[in-house]
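Subject: Structure handover

Hi,

Here is the structure I promised to pass on. My notes on what turned up follow below it.

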Amino acid sequence: MVGWWVASIVATALLPEAPGGRAAGSLSLTANFVLKTIDAQGTETVTGALSFIPGGDVCVAVKTPNLQEMHLSPRELVIYYPDRDLALVANVIPPHAPPMLDALAAGVADPGSTLPNQSKLIERKRANGNLFTRWRVIDAAGQELGEMRSAESRDGALSLDLYDRAGKPQRRFTFGDRVRVGGRSVPRTIGAEYFAAGGARQRQELWTLANVTRFDDGRAAPIGCAHLGPHTKIQQLQW
């Protein structure tokens, strides 16, 4: 379930047309970010800037702790290390979308729009001005994949949880205060938890965005879009 959903939510949030022909409208913004990650290896804090470009491209410039540039298009991921003039390149083939952006995408997408058309709404209620929903996730073959639960305010999603068929958590997202960017409501803080198949937590992320503005189509391509030189060493990755 998770692999399909990651690909779907990234497409729904970033591309002009989502899977199944649903019009989503491209996400268009730039922001500075701080990303804190906690896993079995310890705690790491990464800072940088990112741009979501109309049409589905994403550019990320990592400033600390090590310089790194990333360019994600609908079909290719390029990670560039300027100090070594080395680029790692991978083809992105649905449903195996890179997961590093799913927390950001989850914050701007309508939760129900990320699910297969066969999915069933099994609970919908309002409390304290917020909307709470539960969906049984069913793929095109009629197979039940799990469950999605969401809480939404007038401004956007407050939380989103994914469970497998056994009821074990797979993903959990919480969203803080929001800012309007074009036609999108973008959370400035995002908490994400990632779980192993049995429900044990593997990783936590905390995203903080600042200086969130709409991407300017008229300016040059943003720093971080992994511009490769004629002598850049290229290494292919299998995704």
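Among the elements of the protein chain, strand β7 (residues 120-127) has the highest mean pLDDT, 96, while helix α1 (residues 2-14) has the lowest, 57. Here pLDDT is the predictor's confidence in each residue, from 0 to 100, and helices (H or I, at least four residues) and strands (E, at least two) are DSSP runs numbered from the N terminus. The chain has a mean pLDDT of 85, with 82% of its residues at 70 or more. Over residues 17-24 the value stays under 50, and the model has 21 contacts beyond four places in sequence for that stretch; contact means heavy atoms within 4.5 Å. Where pLDDT is low, please don't read the predicted coordinates in detail.

Some ground rules: this is a predicted model, in which local features need pLDDT of at least 70 and side-chain atom pairs count only at pLDDT 80 or more, while totals for chains, interfaces and linings use all residues. Residues are numbered from 1 along each chain as its sequence is written, and side-chain values use heavy atoms, with hydrogens and water left out.

Now the aromatics. A search of the whole structure gives 3 aromatic pairs (ring centres of Phe, Tyr or the six-membered ring of Trp within 6.5 Å; planes under 30 degrees apart are stacked, over 60 edge-to-face, the rest tilted). Phe173 and Phe175 are stacked, because their ring centres are 6.4 Å apart and their planes at 15°. Phe173 also pairs edge-to-face with Tyr194, at 6.2 Å centre to centre and 90° between the planes. Since Phe173 lies in strand β11 (residues 169-175) and Tyr194 in strand β14 (residues 189-195), this pair ties together parts 21 residues apart in sequence. Both Phe173 and Tyr194 are buried (under 20% relative accessible area, against over 50% for exposed and in between for partly exposed; 1.4 Å probe, protein chains only).

Tyr194 has a further partner: the charged end of Arg203 sits over its ring, 4.1 Å from the centre (NZ of Lys or CZ of Arg within 6 Å of the ring centre and within 35 degrees of the ring normal).

Arg203 leads on to Glu205, as their side chains share a polar contact of 3.3 Å (N or O atoms within 3.5 Å, one able to donate a hydrogen and the other to accept it within protein; sequence-adjacent residues count only if both atoms are side-chain atoms). Another, of 3.0 Å, joins the side chains of Glu205 and Trp207. Glu205 is found in strand β15 (residues 201-213) and is buried, at 9% relative accessible area.

Happy browsing!
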